[in-house]
Amino acid sequence: MQQLLFAILTMVAGVLACVVYFFGTNWLLDKIFPSKGLTGPQASKNLRITNAIRPWLFMAPALFALGIYLVYPVFESVRLSLHDRSGQQFVGLSNFRWMLGDGEFRQSIFNNFLWLLVVPALSTFFGLVIAALTDRIWWGNIAKTLIFMPMAISFVGAAVIWKFVYDYRSEGSEQIGILNAIVVAMGGQPEAWMTIPFWNNFFLMVILIWIQTGFAMVILSAALRGIPEETIEAAVIDGANGFQIFFKIMVPQIWGTIAVVWTTITILVLKVFDIVLAMTNGQWQTQVLANLMFDWMFRGGGDFGRGASIAVVIMVLVIPIMIWNIRNATKEMER
Amino acid sequence: MIATSRSPLIIVVHLSVLLLVALWTLPTAGLLISSLRDKDQLAVSGWWTALSTSSQNLTGRAASPEAQVEKDGKFVITGNLIEGGTSKVSAFGVRPMQPAAFEAGTSADIGDGQTLTVNEDGSYEIVSPTRMEGTRGQRIFFTAAVPPRFTLDNYREVLNAEGIGASFINSLTVAIPATIIPILVAAFCAYALAWMPFPGRAILIAVIVGLLVVPLQMSLIPLLKLYNGVGAFLGVPAKTYVGIWLAHMGFGLPLAVYLLRNYMAGLPREIMESARVDGASDFDIFVKIILPLSFPALASFAIFQFLWTWNDLLVAMVFLGTGNNELVLTGRLVNLLGSRGGNWEILTASAFITIIVPLIVFFSLQRYLVRGLLAGSVKGG
């Protein structure tokens, strides 16, 4: 309880500090370069100076935090990836050479690749289908809320929920995991799903798909509603059936949104960590890059060189999407 | 909206949505139901049988021979195997290999001329022709039909004994300041990027869009080194709440600035121009006009940031200690998965406590969450 009080006090202090900073610097600027009450060239000169400085005063705290927490670490991580485990000795590309020969790393790359193929595709597909179906029924909004709900659940919480679904008891005893109970009821053998190499990756992916479908559904549902009615009416008059309208009229009009959803989930997949850590911690050939990176960060007292080089690999995989995003955002601003 | 809505196809639509909703909610429902069940029942039967009577193999012990009374020249021990329960015994036995050797109500010969009778209601009677020796009571195995039992015991246990209660406070301690402090910082920055012309503005916006997707993994090692350095320099521990608040603020800022800038840029230009004509400065315009108008966007961001900081595991694992008054809920849950892997009564109750706060936020503020998602869908979570 005491620490909660401390937290709230800090919060108040932090907000107050922000207020004092913004108000104070602004007041100081107007004091040093006054423009009110003055006339002629002096006033317009002061106005120009304050207008040039003020944006930077407004942005300074944010830019400072962004610089320390995101910009500087990017460069530092690249630098560390070229150094040894303690970050002192320059070792060139040897960390990356180690990677190529390391079985666990190759396993991670392969698994991440599987994740990249499956999760964004299925999440977007389910999201699109559910968005289209729920638009036509009266209880669609309730259904949407329930499917959207896993979005709010932490990856660790979701891992526990699904670990319970996948729970395994040896053959003959009563299964309390619903998946094995269904398998047994249908006459099959119970399986320890997490320990079946290769396929266990897909059981992990189900969790992320379960979480992300709601996100895809919400975005795509809004996009579907934005489609001009006339295009659909015209198709109906021309005698198109439901499937034709969906795939030939509606989907082509929302390609842009589908791409945004797809890339957003792709980035999330590249960083997937909590689920693997909680479910298998990379055992049974389920290792992924983010978990491997975390592992090396602390393994044997921490190997910062190898950890950083794995982070750089994740970053390199993200860069194409980053460029695509920046291009889109710039295009949108010019419009 | 489509012609098919009156055709028989609509039944198929209803059914398939029903199936999808079931698929998406059953796992969570199973967790919630299980967390409320009696732990002995939870361990032997699936949550979907929670409402039916289950048959369990149990072990009990008769009262010790010290409790025997002499009756009609025989020595008798009596008692009840099911204290205060409503279960029904169907069979019993005295050897672990034959736990259901005798039917309830019958008398069993258990050697030395002694007989054991166990009735359906759990009452038992041991009759012996000679005085019984020893201090330990006879072990009795029995099969009982146990009616469904729901309880809050699991919650009581995890909140106190497993440290979930302390972690709940820790999670709040992390999430509240980490949600509130960045808002003002981001709002000022967003206003400058939206409405104050200065050279390099377009580049700065592009940089922020780029930072939206920078993987957290890039920041971990350099910041860990930085924190260790600062901690050593100032003579304080490197892993503190202040450190994690600032880290969450830094990681949340790109989304905050991006969301708020988009929103503010969409506000009508006339409002600002008429205020400027009236002699208001940028500072006045921002504080008195833009900030109140931006409330929906601020709320969207606050919800995102709260869910993200509450649900986060990675940042807490790296930047916060693992002591009892620092370990957050997600971290505790991962630890429990390792140490109490088979104790589903502990895991389900703990997990439900972990997800209840985000669920409340989700259901009460869903509108803002959806709006924020639609505005900031470039961000990768």
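Student: What makes up the contacts in chain A with a separation of 6 or more: how much comes from residues 24 or more positions apart?

Tutor: In this predicted model, such residue pairs account for 67% of those contacts in chain A. A pair counts because its C-beta atoms, placed from the backbone, lie within 7 Å.

Student: How do you know what kind of secondary structure chain A has?

Tutor: Count the runs: chain A has 14 helices and zero strands. A strand would need a DSSP run of E with at least two residues, and chain A has zero of them. Read along the sequence, then, the pattern is α-α-α-α-α-α-α-α-α-α-α-α-α-α.

Student: Why compare chain A with a compact globule, and what are the two radii of gyration?

Tutor: The globule rule, 2.2 Å times the number of residues to the power 0.38, gives a yardstick. For 335 residues it comes out near 20 Å, but chain A has 27 Å, so chain A doesn't match the compact globule. Along its principal axes, the C-alpha trace of chain A spans about 90 × 70 × 50 Å.

Student: What makes a residue of chain A count as buried, and what percentage do?

Tutor: The test is 20 or more other C-beta atoms within 10 Å of its own. Of the 335 residues in chain A, 41% pass it.

Student: What are the domains of chain A, and how many residues bring them into contact?

Tutor: The assignment gives domain 1 (2-81) and domain 2 (101-154 + 198-334). Their C-alpha centres lie 36 Å apart. Four residues of domain 1 of chain A are in contact with six residues of domain 2 of chain A. On the domain 1 side, that's two nonpolar, two polar and no charged residues.

Student: And chain B: which domains does it have, and how far apart are their centres?

Tutor: Chain B is divided into domain 1 (54-149) and domain 2 (155-375), with 61 Å between their C-alpha centres.

Student: Why is part of chain B called "ABC transmembrane type-1"?

Tutor: That name comes from an unreviewed UniProt entry, which lists it for residues 168-365 of chain B. Treat it as a label, because annotations may be inferred rather than shown by experiment. In the model, the span is 81% helix and 0% strand, and its end C-alpha atoms lie 21 Å apart.

Student: How many residues of chain A and chain B are in contact?

Tutor: It's 95 residues of chain A with 95 of chain B. Helix α2 (residues 40-81) gives the most to the chain A side, with 18 residues. By class, that side divides into 72 nonpolar, 16 polar and seven charged.

Definitions and conventions
Residues numbered from 1 in each chain as written. Chains lettered and ligands numbered in written order. Predicted model: local features only at pLDDT ≥ 70, side-chain atom pairs only at ≥ 80, totals over all residues. Domains from an automatic or database assignment. Helix = DSSP H or I, 4+ residues; strand = E, 2+ residues; numbered from the N terminus. Contact = placed C-beta atoms within 7 Å. Nonpolar A, V, L, I, M, F, W, Y, C, P; charged D, E, K, R; others polar. Buried ≥ 20, exposed ≤ 12 C-beta atoms within 10 Å, placed from the backbone.
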